[in-house]
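Hello,

Here is the structure I promised to pass on. Please open it first, then read my notes below.

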Amino acid sequence: MTDTTDTTTAPTPGFVTATRTFYDAVAEDYADRFRDELAARPLERAVLTAYAEFVGAGGRVADLGCGPGRTTGRLASLGLDVSGLDLSESMLAIARRENPGIRFEQGSMLKLDGHADGSLDGVVSFYSSIHTPVDELPALFAEFHRVLTPGGHLLLAFQVGDEPRTHDHPWGHPVTLDFERRRPERMAELLTSAGLTVRSRTVREAETDLGESTPQAFLIARRA
Ligand SMILES: C[S@@+](CC[C@H](N)C(=O)[O-])C[C@H]1O[C@@H](n2cnc3c(N)ncnc32)[C@H](O)[C@@H]1O
């Protein structure tokens, strides 16, 4: 008997559904909390500026897991041809409202169907890989590698550490999600295994007076 099961549409992984549900619930509060945050963070601004210079003016860049678009807007102001992608429609509504003129679309960075092989000069994942289980990171970085043109650059930001932090009922919303923390050396190994050459590793200490409890890492890697 012929198997007519449709094998072309894979089920959405549970962690993706949980991430989308979480950010749909907290989007407005998250945007309010982080809207002006870059203004207080000179190292983040410096990393974004260096990244934009590595990519080059007019470079085509996708800000993956863009959230409310604070980094997308910053990268556009630095001269990049940037678009944003996120799982959460609520986040995207804010991103579009606050960044008129920038393209934002819904989707998962685990499967970038809208981007052909080698079509991007840059990929940014600013604190967006922190909800992807470690076992899924090789596939995620392979997808970043696929869409980057040779010589194209990745910027990856994440919290440094070994144990996840669970955010339970943030701002009173009935949602829970783990925020993974990772070691820069391990992330660099995974990027290298995906065919990316690490160009810089920036780690800054926690800004405890701004509410942080962990150091923050910013890796820039290039497709060979
Ligand atoms: C901590 S927020 C960071 C948002 C933004 N990059 C910033 O720095 O403000 C994580 C964002 O990544 C998005 N995200 C997580 N996993 C994703 C995936 N697989 N595909 C697309 N977006 C994802 C979430 O929906 C959320 O908006």
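How many bridges join strand S1 to strand S4, and do the two run parallel or antiparallel? Three bridges join them, and the strands run parallel. S1 covers residues 60-64, and S4 covers residues 120-126. One pair to look up is Asp-63, whose bridge partner in S4 is Val-124. Keep in mind that this is a predicted model.

The sheet

S1 and S4 belong to an open sheet of seven strands. The order is S3-S2-S1-S4-S5-S9-S8, and the pairing is mixed. At the edges are S3 (104-106) and S8 (196-204), each of which pairs on one side only. From one strand to the next, the twist averages 20 degrees. As background, strands of a sheet pair through backbone hydrogen bonds, either parallel or antiparallel.

From S1 out to S3

S1 also pairs with S2, in the parallel sense and over five bridges. Here Leu-64 stands opposite Leu-85 of S2. Leu-85 has a partner in S3 as well, namely Glu-105. S2 and S3 are joined by three bridges, again in the parallel sense. S2 is mostly covered, with five of its six residues buried.

Two helices link these strands. S1, H3 and S2 form a right-handed β-α-β unit. S2, helix H4 (residues 89-98) and S3 form a right-handed β-α-β unit too.

Helices across the sheet

Helix H2 (residues 42-55) lies across S1, S4, S5, S8 and S9. H2 runs at about 170 degrees to S5, which spans 148-159. Helix H5 (residues 137-147) lies across S4, S5, S8 and S9. The angle between H5 and S5 is about 145 degrees.

The ligand

Which residues come nearest to the ligand? They are Tyr-23, Gly-65, Gly-67, Phe-126 and Ser-128, out of 22 residues around it. Three elements give two or more residues to this shell: helix H1 (14-34), helix H3 (70-77) and strand S2 (81-86). H1 gives the most, with four residues. By type, the shell divides into twelve nonpolar, eight polar and two charged residues.

Two elements come up twice in these notes. H3 sits in the β-α-β unit with S1 and S2, and H3 also gives residues to the ligand shell. S2 pairs with S1, and S2 gives residues to that shell as well.

Best wishes

Note on methods: Residues are numbered from 1 along each chain as its sequence is written. This is a predicted model: local features need pLDDT of at least 70, side-chain atom pairs count only at pLDDT 80 or more; totals for chains, interfaces and linings use all residues. Two strands pair if DSSP finds at least two bridges between them. Axes are lines fitted to C-alpha atoms, for helices over the stretch in contact, and angles run from 0 to 180 degrees between N-to-C directions. Two residues are in contact if their C-beta atoms, placed from the backbone, lie within 7 Å. A residue is near a molecule or strand if its C-beta atom, placed from the backbone, lies within 6 Å of it. Ala, Val, Leu, Ile, Met, Phe, Trp, Tyr, Cys and Pro count as nonpolar, Asp, Glu, Lys and Arg as charged, and the others, Gly among them, as polar. A residue is buried if 20 or more other C-beta atoms lie within 10 Å of its own, exposed if 12 or fewer, and partly exposed in between; C-beta atoms are placed from the backbone. A crossover is right-handed if, with the strands pointing away from the viewer, the path from the first strand over the helix to the second runs clockwise.
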